[in-house]
Every structure is written in C-alpha cells, then in structure tokens.
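Student: I would like a close look at one part of this protein, the nonpolar core. Please start from the whole chain and work inward.

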Amino acid sequence: MANVKNLKKDINYVLGDIIEAVYLYEITSTGKPTAETNQLIDEAIAAFDVLITKVNAKNVENKKAHFKQINVELEQTANQLIAKINEL
C-alpha cells in the first residue's frame with residue numbers, strides 16, 4: 001500500500017523535523033541540552049512510537065478511516081510539540 005508507506009514517511013519526517021528544531025534551539029540558546037529540551041525530544045520519540053504502532057495495526061475494520069485518524073493525530077501532536085518549542 002503506497003498510502004501506508006507515505007504515512008510512515010510523513011510521521012518520520014514531521015517528528016524528525018521537530019526534534020531537529022529542538023536541537024537548533026539548544027545550539028542557539030544554551031549550547032547544551034536542558035531538562036525541557038530533553039523532555040520535548042522524549043515526547044516526540046514517544047509520539048513516533050505510538051503512531052507507528054497504530055499504522056502497523058492489522059486488526060482494523062475500516063482502514064481508510066483508521067489512517068485518516070492517524071494523520072489527524074500526527075497533525076495534533078506536531079502542533080502541540082511546536083507550541084511547546086515556541087514557549088521555550
């Protein structure tokens with residue numbers, strides 16, 4: 001399924017970019033990791049794990065709706081993480 005492959009790539013790229021943004025913040029502000037930035041990175045990794053697990057679920061009745069919901073969750077998670085980065 002091409003859509004599943006693209007969804008996995010989207011999850012990887014979006015959350016990877018968020019982690020990269022946290023690293024850029026660290027470099028430009030303190031030069032080293034802080035407790036807050038480490039927590040944001042951990043949240044992004046945990047979100048990645050949850051979303052990939054949902055994508056790989058085999059016992060789904062309506063696959064189209066399931067994947068749309070995952071896409072919505074990805075967007076919500078990304079927006080929340082970006083908001084937290086902006087608060088730093």
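What percentage of the 88 residues of the protein count as buried? And which residues and helices make up the largest nonpolar core?

Tutor: The model is a predicted one, and within it 28% of the 88 residues count as buried. The secondary structure amounts to 3 helices and 0 strands, so the core has to be described in terms of helices, which are DSSP runs numbered from the N terminus. In order from that end, the elements read α-α-α. The C-alpha trace spans about 50 × 20 × 15 Å along its principal axes.

Now the core itself. The largest nonpolar core has 20 residues, and those touching the most other members are I11, L15, V55 and I70. Helix 1 (2–28), helix 2 (35–55) and helix 3 (63–87) each contribute at least two residues to this core.

L15 is a useful residue to inspect by itself. Leaving aside residues up to four places away in sequence, L15 touches A44, A47, F48, L51, L74 and L81. For the protein as a whole, take the contacts between residues at least 6 apart in sequence: 67% of them join residues at least 24 apart.

Turning from the core to the outside, the accessible surface of the protein is about 6,100 Å², and carbon and sulfur atoms account for 52% of that surface. As for charge, the protein carries 10 positive and 12 negative side chains, with 12 Å between the centres of the two sets.

Methods. Residues numbered from 1 in each chain as written. Predicted model: local features only at pLDDT ≥ 70, side-chain atom pairs only at ≥ 80, totals over all residues. Heavy atoms only, no water. Core = buried A, V, L, I, M, F, W, Y, C linked by side-chain atoms within 4.5 Å. Buried < 20%, exposed > 50% of the residue type's maximum accessible area, 1.4 Å probe, protein only. Helix = DSSP H or I, 4+ residues; strand = E, 2+ residues; numbered from the N terminus. Contact = heavy atoms within 4.5 Å. Areas by Shrake-Rupley, 256 points an atom, 1.4 Å probe, with all protein chains shown as cover. Lys, Arg positive; Asp, Glu negative; His and termini not counted. Charge placed at Lys NZ, Arg CZ, Asp CG, Glu CD.
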